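Notebook open, structure loaded. I want to go through the charged pairs, then a helix, then the core and the cysteines.

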Amino acid sequence: MHHALEIDDIIYNILQHVKSSKTDLANVAMACSKISDPALNMLWCEQFSLTPLIMCLPQDTWEATRDSTIIFTREPSLTEWERVRINALRIRRLVAHPNFVSPTLKPSGPVLRQLFALFPPAQLFPNLSALHFGAISRLPEIRSDFLLLRQFLFHELGTLSFDLPVDVPTSEVEQFLGALSAKVSGLRELSITGDHDLPTFNFTVPKLLKLTKLSIVGWDVGLTWQNIPNIQHSHRLQSLSLSVHGPFNIGNPSGNVPLDLSTLKHLSIDGVILQDCTDFLLQVSTPQLSAIDISYNRAANAAQITAVIVSLAASCKTFGSLEQFSLTDYSYTNPRESGPHSLLHSHVFRPLLRYRRLSTVKFGDIGEYCLDDEFIEDVAVAWPGLRELKFASEKLHTTDVSFAAMLSLASKCRSLHSLQLSFDATDFPTLPYAPGGELWPTQTALHELHVGHSTVSEASSFHVLVAVVFPSLARLTYYGQFHVEWRKIEELWKQLLKQREINPALVATWQDSLLQPQS
């Protein structure tokens, strides 16, 4: 054995090159006894279910049923359980799969019951720092077993996520939440997701002083003024996600004093109606907010959308901090249904122009946009660091935004990576000339362009302009996959890309053709 393998840092650096593959880590662990233990620690550090652990038992002790459930064929001996126990010691994170991938095989309820009867959670996972209780099992009888969940509450836990099934007695939930402050006082991340049919109950936010991330979503949490001090006790809170269902009124008994969330960086609020979100924003202070995500589930009109955007200024008065803004309508209204109250003119969005550091601005199906060139030009001035801008709407609508304004916006915002905007590209635009009399310098950041319900014709030379001004553009999309004109333009654009790949010098001739007077 080389003496270099006696140095922990070298072993760690070697394992960094193979840690992306569990197969490679396992092979390394079997190939060299010196690095076997560190490799196994890395292999088992993060697990997405208990299936791999149960499969450490001898193969003659279990089998998979037709529905891929693991059951015992015989009783494993204590010696056979030892490998399970040793590998469980290595697990530090037992969490949900980031891509929501379910395990192929799932341990049955009796198998899990026997595991925890032999080894209580605190004994089995003494090094656990992050737990998503759903990773233990999605079986209803396990998912709603709060007595089992309470056994995972040990002081070292830093991240905890669990669901509140509709069939769990509210008394058990309240007792469990009451135990959080005492048993896991060092908790830094807490996520509670309730079933949509879960009834409102006397919910009390646990007092957790070190909490940096809190998410309570999926049902009406019934927040009251009594809960506010507990949230404010979390002086390190940086991320907050809440469902605010029904009229939200903190009801501060001592007057109009907002909830002070001075350390908050990220805020996500979801309401049944948009007014719920507006009411919440009017009652909180978030001076350091850098990202806000607002969503609602019943269609809102232009006045209500204006109100929520205006209310942001009451909550986030530090206009230099906000970098990301998102507003999304999750109602399932007919995209063809629209009326005068759903028309969203430029003045609705103008209050956001005060936030000069915005780099991501997204609107998702909130209504029918009626924007104009002046607003688009002002966006380019107000948000020079813009990276993503989306005015998404499946509602068919006309637009007063010109192709020239779209080109100007995307050219001036040099970091713009993704743009979704409807505009009129039926005629050749007035080109944005640089002082030297040439075309505006190419913008190489734009990779995605969604033209929405834009109108287009070959007379606009859209395909040539886009190929010249945005040479890095890789994706061009539009509503209506059978849109004849856009399919034709897309094909012409792709042909130019192929020609450029064969002969890059052609770009200069395209530029010259654009500078010639258009007939």
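**Salt bridges**

I looked up Lys 494 first: its relative accessibility is 36%, which counts as partly exposed (buried is under 20% relative accessible area, exposed over 50%, partly exposed in between, with a 1.4 Å probe and protein chains only). Its partner Glu 490 is buried, at 16%. Their side chains meet in a salt bridge at 3.4 Å, N to O (a side-chain nitrogen of Lys or Arg within 4 Å of a carboxyl oxygen of Asp or Glu). Both sit in helix H18 (residues 484-502), four residues apart, so about one helical turn separates Glu 490 from Lys 494. Helices here are DSSP runs of H or I with at least four residues, strands are runs of E with at least two, and the numbering starts from the N terminus.

Asp 60, Arg 74 and Glu 80 are joined into one network by salt bridges that share partners.

Note to self on provenance: this is a predicted model, where local features need pLDDT of at least 70, side-chain atom pairs count only at pLDDT 80 or more, and totals for chains, interfaces and linings use all residues. Residues are numbered from 1 along each chain as its sequence is written, and side-chain values use heavy atoms, with hydrogens and water left out.

How many salt bridges does a search of the whole structure find? I get 13. I picked out Glu 46 with Arg 93, whose closest N and O atoms are 2.8 Å apart. Glu 46 lies in strand S1 (residues 46-47) and Arg 93 in strand S4 (residues 93-94), so the pair ties together parts 47 residues apart in sequence. Glu 46 is partly exposed at 30%, and Arg 93 is partly exposed at 33%.

Arg 357 and Glu 323 also form a salt bridge, with 2.8 Å between the closest N and O atoms. This pair links distant parts of the chain, 34 residues apart: Arg 357 is in the loop between helix H14 (346-349) and strand S17 (360-364), Glu 323 in the loop between helix H13 (302-315) and strand S15 (324-329). I noted Arg 357 as partly exposed at 47% and Glu 323 as partly exposed at 27%.

**Helix H10**

H10 (residues 170-183) has 14 residues and reaches 20 Å from first C-alpha to last, close to the 20 Å expected (1.5 Å times one less than the number of residues). Which residues of H10 are buried? Val 173, Phe 176, Leu 177, Ala 179 and Leu 180. Seen down the axis, they fall within an arc of 165°, so they line one face of the helix (the arc is that of the directions from the helix axis to the C-beta atoms). Gly 178 and Ala 182 are exposed, on the face turned away from the buried side. The cover over the buried residues of H10 includes helix H9 (146-150), strand S7 (159-164) and strand S8 (189-194).

**Core and cysteines**

Leaving aside neighbours within four places in sequence, Phe 162 is in contact with residues including Phe 176 and Leu 177 of the chain (contact means heavy atoms within 4.5 Å). Phe 162 is also among the residues with the most contacts inside the largest nonpolar core, which has 139 residues (buried Ala, Val, Leu, Ile, Met, Phe, Trp, Tyr and Cys joined through side-chain atoms within 4.5 Å). Helix H17 (residues 462-469) gives the largest share of this core, seven residues.

Last lookup: zero disulfides (a pair of cysteine sulfur atoms within 2.5 Å). Cys 56 is buried at 8%, and Cys 316 is buried at 0%.
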